[in-house]
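Let's read some features of a fold together, one question at a time. Have the viewer open and follow along.

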Amino acid sequence: MPELPEVETVRRGLRPFLEGRRIAGVEVRRPDLRIPFPEGFAERLAGRTVSGLRRRAKYLLADLDDGQVLICHLGMSGRMLVARRGSNLVPGTHDHVVLGLDDGTRVVFSDHRRFGLMTLTTAADEHRHPLLARLAPDPLDAAFTPASLRAGLAGRRTPVKAALLNQAIIGGVGNIYACEALHAAGISPRRLAASIGPGRSAALACALREVLARAIAAGGSSLKDHRRATGEFGTFQHEFRVYGRAGSPCPAAGCGGVIRRIVQSGRSTFLCGRCQR
């Protein structure tokens with residue numbers, strides 16, 4: 001599933017093409033994705049100008065000039081790709097929504113597994129929308145601090161790795177970047193969240209911000225489906241220190257350990273048992 005860096009990469013790629021442009025027409029090629037499209041979806045978008053393109057955790061939010069907000073989630077396999085004016089792109093089987101802009105550019109939402117979604121709310125109702133209401137600030141948000149992280153973990157008798165995936169505690173973090181940040185901070189993913197004290201909270205908050213920033217700079221991680229808005233692969237997968245590297249030497253200086261794979265809550269976790277405590 002695309003995590004914060006992949007969604008932020010898509011946002012940055014779409015922004016030059018979408019912001020300030022009028023949506024001239026919308027083609028909706030099926031009745032639903034993960035959830036049904038709202039009634040009159042195409043008609044409510046057509047003629048509107050995109051005044052801003054934001055991200056909240058793993059959601060893309062497009063502000064429209066009439067106060068509506070277009071909510072997009074890429075799900076497991078979603079992409080939003082730009083087709084420049086004059087391109088001969090013919091929508092394929094998995095291209096479900098096509099936004100035609102006033103300069104001839106098209107933005108195509110493609111999702112072969114259909115776990116993504118597109119829906120509408122208003123700026124006034126955004127804070128209480130069911131998809132967004134419980135989202136915590138993400139590690140790149142000014143509201144995220146070591147103290148807020150520690151407060152979110154306090155009293156939780158679950159492994160810290162599971163807590164990092166809880167979007168009500170930290171927005172935007174998924175399996176890949178939780179593994180990478182925990183290794184960078186020297187924290188075992190099996191450690192109870194409640195046991196993370198001030199020192200470890202500070203190290204983990206710093207590691208989360210640093211890992212996510214590096215991943216964004218690399219255009220995200222392209223393991224299967226992720227592409228930038230212009231179609232290129234992300235490259236952060238070549239910088240993984242632990243994720244997907246079971247059996248490899250730990251890259252931490254002087255460690256000498258070996259990366260292991262364990263299963264937590266049905267998901268793969270990668271760690272070094274020697275330097276992560």
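Q: Which hand does the crossing of α3 and α6 have?
A: Happy to start there, with the reminder that this is a predicted model. α3 passes α6 in a right-handed crossing. The two helices span residues 146-153 and residues 198-217, and their axes come within 8 Å.

Q: At what angle do the axes of α3 and α6 cross, and how should I describe that?
A: The axes cross at roughly 115 degrees. Angles of 65 to 115 degrees count as roughly perpendicular, and therefore α3 and α6 are roughly perpendicular to each other.

Q: Which residues meet where α3 and α6 touch?
A: From α3 come Pro-146, Leu-149 and Arg-150, and they meet Pro-198, Ser-201, Ala-202, Leu-204 and Ala-205 of α6. Sorted by class, this contact has six nonpolar residues, one polar and one charged.

Q: How do I make sense of the spacing in such lists?
A: The general idea is that an α-helix has 3.6 residues a turn, so residues three or four places apart point the same way. Try reading the next list with that in mind.

Q: How does α5 pack on α6, and with which hand?
A: Helix α5, residues 175-185, packs on α6 at an angle of about 130 degrees, and their axes are 8 Å apart. That makes α5 oblique to α6. The crossing of this pair is right-handed.

Q: Which residues of α5 and α6 meet, and how do they sort by class?
A: On the α5 side you will find Tyr-177, Glu-180, Ala-181, Leu-182, Ala-184 and Ala-185. On the α6 side are Ala-203, Leu-204, Ala-207, Leu-208, Val-211, Leu-212 and Ala-215. By class, the contact has twelve nonpolar residues, no polar ones and one charged.

Q: How many residues of α5 are buried, and what covers them?
A: A residue counts as buried under 20% relative accessible area. In α5, ten of eleven residues are buried, so the helix is mostly covered. Among the buried ones are Asn-175, Cys-179, Glu-180 and His-183. The cover includes α1 (4-18), α4 (160-164), α6 and β10 (267-272). Just after α5, Gly-186 takes a positive phi of about 70 degrees.

Q: Which residues other than glycine have a positive phi?
A: Two to look at are Ala-57, with phi near 55 degrees, and Arg-114, with phi of about 60 degrees. Ala-57 sits in the loop between β2 (50-56) and β3 (59-64). Arg-114 lies in the loop between β7 (106-110) and β8 (117-122).

Q: Are Ala-57 and Arg-114 buried or exposed?
A: Ala-57 counts as buried, at 4% relative accessibility. Arg-114 is partly exposed, with a relative accessible area of 36%.

Q: How is an aromatic pair described?
A: In general, a pair of aromatic rings is described by the distance of the centres and the angle of the planes. This structure holds five aromatic pairs. One of them joins Phe-236 and Phe-240, with 5.9 Å centre to centre and 75 degrees between the planes. An angle over 60 degrees counts as edge-to-face, and so this pair is edge-to-face.

Q: Are Phe-236 and Phe-240 buried or exposed, and which cluster do they belong to?
A: Phe-236 is buried, with a relative accessible area of 0%, and Phe-240 counts as buried at 10%. They form one aromatic cluster with Tyr-177, Tyr-243 and Phe-270. Tyr-177 is a name you have met already, in the contact of α5 with α6.

Conventions:
Residues are numbered from 1 along each chain as its sequence is written. This is a predicted model: local features need pLDDT of at least 70, side-chain atom pairs count only at pLDDT 80 or more; totals for chains, interfaces and linings use all residues. Side-chain values use heavy atoms; hydrogens and water are left out. Rings of Phe, Tyr and Trp (its six-membered ring) pair if their centres lie within 6.5 Å; planes under 30 degrees apart count as stacked, over 60 as edge-to-face and the rest as tilted. Buried means under 20% relative accessible area, exposed over 50%, partly exposed in between (1.4 Å probe, protein chains only). Axes are lines fitted to C-alpha atoms, for helices over the stretch in contact, and angles run from 0 to 180 degrees between N-to-C directions. Helices (H or I, at least four residues) and strands (E, at least two) are DSSP runs, numbered from the N terminus. Angles under 35 degrees count as roughly parallel, over 145 as roughly antiparallel, 65 to 115 as roughly perpendicular and the rest as oblique. A crossing is left-handed if the near helix is turned anticlockwise from the far one by less than a right angle, and right-handed if clockwise. Contact means heavy atoms within 4.5 Å. Ala, Val, Leu, Ile, Met, Phe, Trp, Tyr, Cys and Pro count as nonpolar, Asp, Glu, Lys and Arg as charged, and the others, Gly among them, as polar.
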